[in-house]
Amino acid sequence: MTLILTIQGGSLHGARFRFEAPVRLTVGRDASCDIRFHPTADRIVSNLHAVFQQESDGLYVIDQNSRNGTFVNGVRVQRARLRNGDVVGLGPQGPQIWVQFEEASILPAEEAGVGPRRRTLADLGMYHPDRDRAPLRQGRWWSLGCLILLGSALAFFIAGWILLELGFVGTLVGGLVAFLPAPLYLLLFLWLDRYDPEPAWALVGAFAWGALFAVVVSMVVNTLFGAVSTALAGPEAGGVLTAVVSAPLIEESTKGLGVLVFWFFLRREFDDVLDGIVYAGFIALGFATVENVLYYGRSFVQEGLGALAAVVFLRGVLSPFSHALFTAMTGIGCGIARETHRPALRVFMPVVGWVGAGFLHALWNLIGSLAGAFFFVLYLIVWVPLFLAFLGGVVYLVVREGRIIRRMLAPEVGRLITEAEFRVVGSFWGRIRWLLAVWGHPQKRRARRHFLRALTKLAFCYWHVERAQAAGSQTMSLPRIPQLYEEVRRLREQVGL
């Protein structure tokens with residue numbers, strides 16, 4: 001007789017084990033266990049939780065004085081005889097083990113092609129490797145085509161608007177001065193995102209959201225608001241109202257909506273607060289780059305090179321990351337919502353982040369509009385400390401991300417990865433040296449890059465499971481663990497360490 005144990009939940013979610021009778025299997029988090037759960041992510045499971053033991057009258061599960069107890073079909077037991085189809089629970093909300101017996105001399109009904117088909121975990125809506133590995137998204141090419149058409153339309157609208165206002169020469173000068181340094185600004189966020197780099201297509205989409213959608217909506221609404229406020233309060237007051245009320249509200253709403261879209265629809269790539277800051281930074285830099293085309297072009301057309309140099313110094317040197325700082329507040333709020341398992345915080349924190357973004361944006365514009373000669377004094381007193389504090393917080397998040405990866409992957413040394421591979425994945429410079437060592441071998445370099453990404457994602461999945469179990473909740477990261485586990489196993493043969 002063959003014993004088949006299928007795991008639902010925990011770090012082994014979706015795993016299927018086959019044992020030939022008689023058996024005596026230990027289950028827990030200890031390295032000596034036959035079925036070993038992750039020692040950090042599966043804290044609800046004891047080090048030695050239970051034993052499956054074959055006796056003369058059948059298979060028994062025996063609790064080993066576990067902290068959270070062993071359950072059979074929802075009933076807590078100390079020792080129980082198992083029947084085909086029973087479900088053993090490790091703790092009241094912990095991983096579950098589905099028990100099946102298969103006679104060696106008899107083919108299962110579904111393999112023989114006769115009789116009713118038995119229900120499996122896939123039928124119950126649980127992990128299905130083929131379905132989850134290559135999901136079929138009907139209409140994805142149609143959706144992509146629509147996005148390209150929409151983006152093209154927005155780009156033509158923006159280009160036409162700027163050409164009408166600045167003319168060809170002003171647009172050309174403003175565009176060159178604004179877009180040439182943009183890659184340097186983006187490199188900072190790419191450096192921050194070094195452990196778990198987001199997909200290139202996602203970052204391009206984030207930049208495009210800020211440069212196209214957010215810019216178009218903001219240009220239209222701010223122009224209308226400015227016209228109304230100028231007619232009611234005069235040119236000077238109307239300009240201040242537009243800068244302090246309309247611009248922060250509309251611009252941070254359109255940019256923040258982009259962060260919210262990535263947080264809600266791209267949760268597989270949105271792991272923590274740092275990811276929220278990265279997506280917010282790319283959206284904000286896309287917005288600021290196109291906005292700078294207007295500012296630089298206007299200064300050049302109206303007052304010449306001297307005025308252009310002054311504006312470039314103010315916007316490109318003193319405050320190139322001002323929009324990124326504002327929108328990062330929304331990114332932090334969405335990042336906290338991604339990390340937490342408290343329903344109230346998931347709703348509350350993105351709103352708090354958006355309010356913080358609008359407040360900082362309004363304060364910046366108010367100082368710029370009213371401070372006059374005192375602008376540089378206030379810049380040194382308010383914005384330099386604020387930016388340094390923000391930068392310090394981001395550096396802490398990067399260090400924290402590295403610690404999470406090392407802590408979550410440490411139990412896999414000797415089981416999934418070697419000590420040398422562990423040292424590489426837990427070090428930024430180790431990763432760089434490892435990739436550069438095979439620079440002349442594109443296939444091996446690609447395999448190593450995918451290997452590092454799969455291990456990093458596996459670490460974050462373990463981390464999300466750990467946080468979910470601590471909160472008595474669930475996470476969509478759970479079914480990804482067996483997929484990533486198998487991907488790492490497959491890639492280890494190609495990386496050549």
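**Strand pairing, a helix contact and a pocket in a predicted model**

In this predicted model, the bridge partner of Val 27 is Ala 50 in E5. This pair belongs to the junction of E3 with strand E5 (residues 50-55), where 4 bridges join the two strands and the direction is antiparallel. On from there, E5 is joined to strand E6 (residues 58-63) by 6 bridges, again with the strands running antiparallel. Within that pairing, Gln 54 has Leu 59 of E6 as its bridge partner. The connection between E5 and E6 is a hairpin, with 2 residues leading from one strand to the other.

E3 also has a parallel partner. Strand E3 (residues 24-28) and E4 run parallel and are joined by 2 bridges, and the bridge partner of Gly 28 is Arg 36 in E4. These strands are part of an open sheet of 5 strands, ordered E4-E3-E5-E6-E9, in which the pairing is mixed. At its edges lie strand E4 (35-36) and strand E9 (79-81), each of which pairs on one side only.

A further open sheet is built from 6 strands in the order E2-E1-E11-E10-E7-E8, and here the pairing is antiparallel. Strand E2 (16-20) and strand E8 (75-77) are the edge strands, each with pairing on one side only. From one strand to the next, the twist averages 30°. As a general point for anyone looking along these sheets, side chains in a regular strand alternate between the two faces of the sheet.

The individual pairings of the antiparallel sheet can be followed strand by strand. Strand E1 (residues 2-8) is joined to E2 by 5 bridges, with the two running antiparallel; Leu 5 has Phe 17 in E2 as its bridge partner. Elsewhere in the order, strand E7 (residues 70-72) and strand E10 (residues 87-90) run antiparallel and are joined by 3 bridges. Here Phe 71 stands opposite Gly 89 in E10. Gly 89 also takes part in the next pairing, as its bridge partner in E11 is Gln 96. E10 and strand E11 (residues 96-102) pair over 3 bridges in the antiparallel sense. Their hairpin has 5 residues between the strands, and in it Gly 91 takes a positive phi near 95°.

Turning to the helices, helix H11 (residues 375-409) packs with helix H14 (residues 442-470) at an angle of about 85°, and their axes are 9 Å apart. H11 and H14 are therefore roughly perpendicular to each other. On the H11 side, the contact is made by Arg 400, Glu 401, Ile 404, Ile 405, Arg 407, Met 408 and Leu 409. These meet Leu 455, Thr 456, Leu 458, Ala 459, Phe 460, Tyr 462, Trp 463 and Glu 466 in H14. By class, the residues of this contact divide into 10 nonpolar, 1 polar and 4 charged.

Finally, there is a pocket to explore. The second largest pocket holds about 1200 Å³ of space. It is lined by 37 residues, of which Ala 243, Glu 291, Tyr 295, Arg 315 and Asn 365 are the closest to its centre. Several helices contribute to this lining: helix H3 (140-179), helix H5 (200-233), helix H6 (235-265), helix H7 (273-303), helix H8 (305-318), helix H9 (322-339) and helix H10 (343-370) each supply at least two residues. The lining of the second largest pocket comprises 17 nonpolar, 15 polar and 5 charged residues.

Methods:
Residues numbered from 1 in each chain as written. Predicted model: local features only at pLDDT ≥ 70, side-chain atom pairs only at ≥ 80, totals over all residues. Heavy atoms only, no water. Axes fitted to C-alpha atoms, helices over the stretch in contact; angles between N-to-C directions. Parallel < 35°, antiparallel > 145°, perpendicular 65-115°, else oblique. Contact = heavy atoms within 4.5 Å. Nonpolar A, V, L, I, M, F, W, Y, C, P; charged D, E, K, R; others polar. Pairing = 2+ DSSP bridges. 1 Å grid on protein atoms, 1.4 Å probe; cavity = no way out; pocket = protein on both sides within 12 Å on 5 of 7 lines; lining within 4 Å. Points joined across faces, edges and corners; volume = space filled by probe spheres on them.
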